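Please open the model in your viewer and keep the selection tool at hand, since each stop of this tour asks you to pick out a residue or an element and then look around it.

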Amino acid sequence: MPPGASFEECCGPALDGQRWPTTAEALMRSRFTAFATKNADHLFRTWHPRTRPADLGVDDLVTWTRLDIVDTTGGLENDDTGTVHFRAHYRDSLGDHILEENSAFVRRAGRWLYLEPVAD
């Protein structure tokens with residue numbers, strides 16, 4: 001989905017389990033939305049089992065405010081791997097922050113999954 005798409009067009013169906021994101025970027029956008037809406041189930045489903053932590057990091061004291069996609073490599077509908085470089089803006093009790101990461105995604109059984117951060 002393009003930036004600016006409504007929740008119902010973009011992430012709502014993914015978070016509800018009705019439609020799996022078809023690209024790594026779409027999965028990244030749905031995962032950001034899952035953090036923002038505290039949807040741990042979606043985070044669990046979309047995290048590769050080999051790298052999924054016991055604690056998914058849904059924090060009630062953090063407010064996720066904006067996602068900027070900086071760049072993508074691969075991760076399209078016919079790819080098996082891809083990366084998404086993003087900046088996720090959030091607010092906590094200490095103020096405003098930015099989490100910047102280049103994330104690796106893989107397709108497993110036809111579905112995109114978040115794998116891990118890519119080392120610099």
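Select Trp64 and display its surroundings in this predicted model: leaving aside residues up to four places away in sequence, Trp64 touches Phe32, Phe35, Ala36, Ala88, His89, Tyr90 and Leu99. Trp64 itself is buried, with a relative accessible area of 18%.

Keep Trp64 on screen and add Phe32, Phe35 and Tyr90, because rings count as a pair when their centres lie within 6.5 Å. Phe32, Phe35, Trp64 and Tyr90 form one aromatic cluster, and the structure as a whole holds 5 aromatic pairs. In one of them, the rings of Phe35 and Trp64 have centres 5.8 Å apart and planes at 50°, so this pair is tilted. Phe35 belongs to helix α2 whereas Trp64 belongs to strand β1, so the pair ties together parts that are 29 residues apart in sequence. Phe35, with a relative accessible area of 18%, is buried.

Move next to the rings of Phe105 and Tyr114, whose centres are 5.7 Å apart and whose planes stand at 70°, so that this pair is edge-to-face. Both partners are covered: Phe105 is buried at a relative accessible area of 1%, and Tyr114, at 8% relative accessibility, counts as buried.

Now widen the selection to the largest nonpolar core, which has 24 residues, and in which Met28, Phe32, Trp64, Leu67, Ala88, Phe105 and Trp112 touch the most other members. Colouring by element helps here, since two or more residues of this core come from each of α1 (12–15), α2 (24–37), β1 (63–74), β2 (81–92) and β4 (111–117). The greatest contribution is that of α2, with 6 residues. As background, nonpolar side chains in soluble globular proteins tend to be buried together.

Which residues of α2 are buried? Select the helix and check Ala24, Ala26, Leu27, Met28, Arg29, Ser30, Arg31, Phe32, Thr33, Ala34 and Phe35, which are its buried residues; with 11 of its 14 residues buried, α2 is mostly covered. A distance between the end C-alpha atoms of α2 gives 20 Å, and this agrees with the 20 Å that its 14 residues should span at 1.5 Å a residue.

While α2 is selected, turn to Arg31, where the charged end sits over the ring of Trp47, 4.7 Å from the ring centre. A second arrangement of this kind can be found by selecting Arg52, which lies over the face of Phe44 at 3.8 Å from the ring centre.

For the last stops, inspect the backbone, bearing in mind that most residues other than glycine have a negative phi. Directly after α2 comes Lys38, whose phi is positive, near 60°, although Lys38 is not a glycine. Lys38 lies in the loop between α2 and α3 (40–46), and its relative accessible area of 28% makes it partly exposed.

Is Ala109 buried or exposed? Ala109 counts as exposed, at 81% relative accessibility, and it is found in the loop between β3 (95–108) and β4. Its phi is near 55°, again a positive value in a residue other than glycine.

Methods:
Residues are numbered from 1 along each chain as its sequence is written. This is a predicted model: local features need pLDDT of at least 70, side-chain atom pairs count only at pLDDT 80 or more; totals for chains, interfaces and linings use all residues. Side-chain values use heavy atoms; hydrogens and water are left out. A nonpolar core is a set of buried Ala, Val, Leu, Ile, Met, Phe, Trp, Tyr and Cys residues joined through side-chain atoms within 4.5 Å. Buried means under 20% relative accessible area, exposed over 50%, partly exposed in between (1.4 Å probe, protein chains only). Helices (H or I, at least four residues) and strands (E, at least two) are DSSP runs, numbered from the N terminus. Contact means heavy atoms within 4.5 Å. The expected span of a helix is 1.5 Å times one less than its number of residues. Rings of Phe, Tyr and Trp (its six-membered ring) pair if their centres lie within 6.5 Å; planes under 30 degrees apart count as stacked, over 60 as edge-to-face and the rest as tilted. A charge sits over a ring if NZ of Lys or CZ of Arg is within 6 Å of the ring centre and within 35 degrees of the ring normal.
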